[in-house]
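Hi,

Here is the structure I wanted to pass on to you. Have a look, and my notes on helix packing and pockets follow below.

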Amino acid sequence: MTNVLVVNNVYKTFHVGGKRIEAVRNVSLVVGEGEAVGLVGESGCGKSTLAKLITRLETCDGGEIILCGENMSRLSGSALRRAYRNVKMIFQQPRSSFDPRLTIGASLWEALKVTGLPKKRRSEEIGRLLGEVGRDPSYAKAKPMELSGGECQRAAIARAIAAKPRLLICDECTSALDVSVQAQIMDLLRQLRESHNMSFLFISHDLALVSSFCDRVYVMKDGEIVESGKTLQVINVPRNSYTKALIASVLLA
């Protein structure tokens, strides 16, 4: 299996109020082509920081991130921008990821602009993208605040796949949604994975979702990976005491 993402010994430290906080410590993980990999752990364990390091929203203090065979720390300028078309991120709060002044169509237009798609084809492609996420092309005229949470998340997914990325990072992308809407979004992600052979790094605290979607899982605690393996094996036969406690807390909820 070809690796789409390789994270090698990455770490990140923040200095807040005179305190040194090791948000990510010596983390390594791999996502293969067409694979869905889960990253689970309690709030504040470093999951979202790691996602920001992978997408270059934050810079690593050490280690390396290899995306589609390219070492991202060695790239800059246009080469870095081209490489990062291969990865897109879907956030927990979709509305906050959109410019509220723009319609959904305008946001998709901007996403398509960087792909080099000719202007005369962009309107048609916007309609196709909205159709792929289960919405009518008329949604292009709406602004984010006019849509429900689920509709806005579908629009965010449409924007994310506009550049045909090889990896989607989902950072708690269903946790703000109702259970029924959450199930619909998960079905959409499964369809995209199958139709595009897309890879996923699925970040969540919801072990049920992870077990139903992910092939493998990494468990994170206090900035470190404490356990990893095939999802059902980790959930059914956990080795690490923290993993056992995490699973027990879900069973008792």
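Which residues in α3 meet which residues in α5? On the α3 side they are Ile104, Ser107, Leu108 and Ala111, and on the α5 side Ala155, Ala158 and Arg159, where contact means heavy atoms within 4.5 Å. By class, that contact has 5 nonpolar, 1 polar and 1 charged residues (Ala, Val, Leu, Ile, Met, Phe, Trp, Tyr, Cys and Pro count as nonpolar, Asp, Glu, Lys and Arg as charged, and the others, Gly among them, as polar).

Before you go further: this is a predicted model, with local features needing pLDDT of at least 70 and side-chain atom pairs counted only at pLDDT 80 or more, while totals for chains, interfaces and linings use all residues. Residues are numbered from 1 along each chain as its sequence is written, and side-chain values use heavy atoms, leaving out hydrogens and water.

Back to the helices (DSSP runs of H or I, at least four residues; strands are E, at least two; both numbered from the N terminus). α3 covers residues 104-113 and α5 residues 149-161; they pack at about 20°, axes 9 Å apart (axes are lines fitted to C-alpha atoms, for helices over the stretch in contact, and angles run from 0 to 180 degrees between N-to-C directions). The pair is therefore roughly parallel (under 35 degrees; over 145 is roughly antiparallel, 65 to 115 roughly perpendicular, the rest oblique).

α3 also packs on α4 (residues 119-132), at an angle of about 120° and with the axes 10 Å apart. That makes α3 oblique to α4. From α3, the contact uses Ile104, Gly105, Leu108, Trp109, Leu112 and Lys113; among its α4 partners are Arg122, Ile126 and Leu129. By class there are 7 nonpolar, 2 polar and 4 charged residues in this contact.

Now the pockets (on a 1 Å grid over the protein atoms alone, open sets of points where a 1.4 Å probe fits, with protein on both sides within 12 Å along at least five of seven lines; lining residues have an atom within 4 Å of a point). The largest has a volume of about 680 Å³ (the space filled by probe spheres set on the points, which are joined across faces, edges and corners). Its lining has 28 residues, with Tyr84, Val87, Lys88, Met89 and Val114 nearest the centre. α2 (77-83), β6 (87-90), α3 and α5 each give two or more residues to that lining.

The second largest pocket holds about 160 Å³, and α4 gives the most to its lining, with 3 residues.

Cheers
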